[in-house]
Amino acid sequence: MKNIAIAMLLLLLLSVFLEPVVELMYLGKEKVVLGSALSNAARSARDRSLNYGSQRDLDASVDEEKFVAYFAKAFCDALKLTWTNEGLSTRELTFESTNDKYNEFTVTVEFTEEKNEITELITTKVELKAQSEYKFQTKYLRLAEDAGQDVAYQLESQREFTLSVKN
């Protein structure tokens with residue numbers, strides 16, 4: 001009987017110690033998913049938002065509103081989100097999860113147009129930063145969060161793209 005009690009105690013302690021490790025694996029997976037969604041959405045928007053007239057001169061001038069619209073659609077499709085401030089801002093976008101898997105996402109978009117002095121070609125740098133409060137997957141950490149413990153973690157990913165047109 002004593003051995004059974006010890007085994008049950010060890011099993012309980014082991015589960016308490018393994019929960020944060022499992023949560024770290026979930027967190028790593030979510031970081032990869034967020035990073036790839038951000039990259040793929042930006043690539044989709046990049047190819048479709050370049051100004052056609054400037055492409056003939058090999059300039060990479062971006063229509064910022066088109067870029068944001070294409071990016072938001074692809075980002076929403078990748079993570080099953082809805083764009084909540086559509087049409088209000090092209091610099092700070094907010095998204096909500098349709099399946100309650102994520103907390104609210106905020107994506108900051110910054111455009112910088114640069115002219116190369118030697119070739120006189122225009123390139124555009126786009127910086128994207130996505131942030132959200134991480135929603136815990138395991139039972140113990142969700143209970144700790146509900147109890148008011150300071151276990152909050154900021155899930156974020158940042159990407160930078162330089163858009164150019166090559167001959």
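Ser 49 is found in helix H1. The model is predicted. In it, Ser 49 is buried, at 1% relative accessible area. The structure also holds six salt bridges, and its largest nonpolar core has 35 residues.

**Ser 49 in helix H1**

- The side chain of Ser 49 reaches back to the backbone oxygen of Ala 45, at 2.8 Å.
- Beyond its neighbours within four places in sequence, Ser 49 is in contact with Ser 61, Val 62 and Asp 63. Lys 66, Phe 67 and Tyr 70 are also on that contact list.
- One of these contacts, Phe 67, is among the residues with the most contacts inside the largest nonpolar core.
- Ser 49 counts as buried because its relative accessible area of 1% falls under the 20% cut-off.

**Salt-bridge network around Glu 30**

- Lys 29, Glu 30 and Lys 101 are linked in a network of salt bridges.
- Lys 29 pairs with Glu 30, with the closest N and O atoms 3.5 Å apart.
- Lys 101 also pairs with Glu 30, here with 3.9 Å between the closest N and O atoms. This pair links distant parts of the chain, 71 residues apart. Glu 30 sits in helix H1 (residues 2–49), and Lys 101 in the loop between strand S2 (92–97) and strand S3 (105–115).
- Is Glu 30 buried or exposed? Glu 30 is buried, with a relative accessible area of 4%.
- Both lysines are partly exposed: Lys 29 has a relative accessible area of 41%, and Lys 101 has 33%.
- Side chains of opposite charge can pair when their charged atoms come close.

**Salt bridge within helix H3**

- Lys 73 and Asp 77 meet through their side chains in a salt bridge of 3.2 Å, N to O.
- The two residues are four residues apart in helix H3 (residues 64–79), so about one helical turn separates them.
- Lys 73 is exposed, at 52% relative accessibility. Asp 77 is exposed too, with a relative accessible area of 52%.

**Largest nonpolar core**

- Phe 67, Phe 71, Phe 75, Phe 95 and Leu 128 have the most contacts inside this core of 35 residues.
- Two helices, H1 and H3, each supply at least two residues of the core. Strand S1 (81–83), S2, S3, strand S4 (122–133) and strand S5 (154–163) each do so as well.
- Phe 95 touches Ala 72, Phe 75 and Cys 76, with residues up to four places away in sequence not counted. The list for Phe 95 continues with Leu 81, Thr 82, Trp 83, Thr 84, Glu 104, Phe 105 and Val 107.
- In soluble globular proteins, nonpolar side chains tend to be buried together.

**Nonpolar surface patch**

- Leu 9, Leu 12, Leu 13, Val 16 and Phe 17 form a nonpolar patch on the surface. Together they have about 490 Å² of accessible area.
- Leu 9, one of the patch residues, lies in helix H1.

**Asn 85 in the S1–S2 loop**

- Asn 85 is found in the loop between S1 and S2. Asn 85 is buried, with a relative accessible area of 11%.
- Which side chain joins that of Asn 85 in a polar contact of 2.9 Å? The partner is Trp 83.
- A polar atom of the Asn 85 side chain also lies 2.7 Å from the backbone oxygen of Glu 92.
- Setting aside neighbours within four places in sequence, Asn 85 is in contact with Glu 92, Leu 93 and Thr 94.

Conventions
Residues numbered from 1 in each chain as written. Predicted model: local features only at pLDDT ≥ 70, side-chain atom pairs only at ≥ 80, totals over all residues. Heavy atoms only, no water. Salt bridge = Lys/Arg side-chain N within 4 Å of Asp/Glu carboxyl O. Buried < 20%, exposed > 50% of the residue type's maximum accessible area, 1.4 Å probe, protein only. Core = buried A, V, L, I, M, F, W, Y, C linked by side-chain atoms within 4.5 Å. Contact = heavy atoms within 4.5 Å. Polar contact = N/O pair within 3.5 Å; in protein donor to acceptor, adjacent residues only side chain to side chain. Patch = residues over 30% accessible without salt bridge, like charges linked within 9 Å, V, L, I, M, F, W, Y side chains within 5 Å. Areas by Shrake-Rupley, 256 points an atom, 1.4 Å probe, with all protein chains shown as cover.
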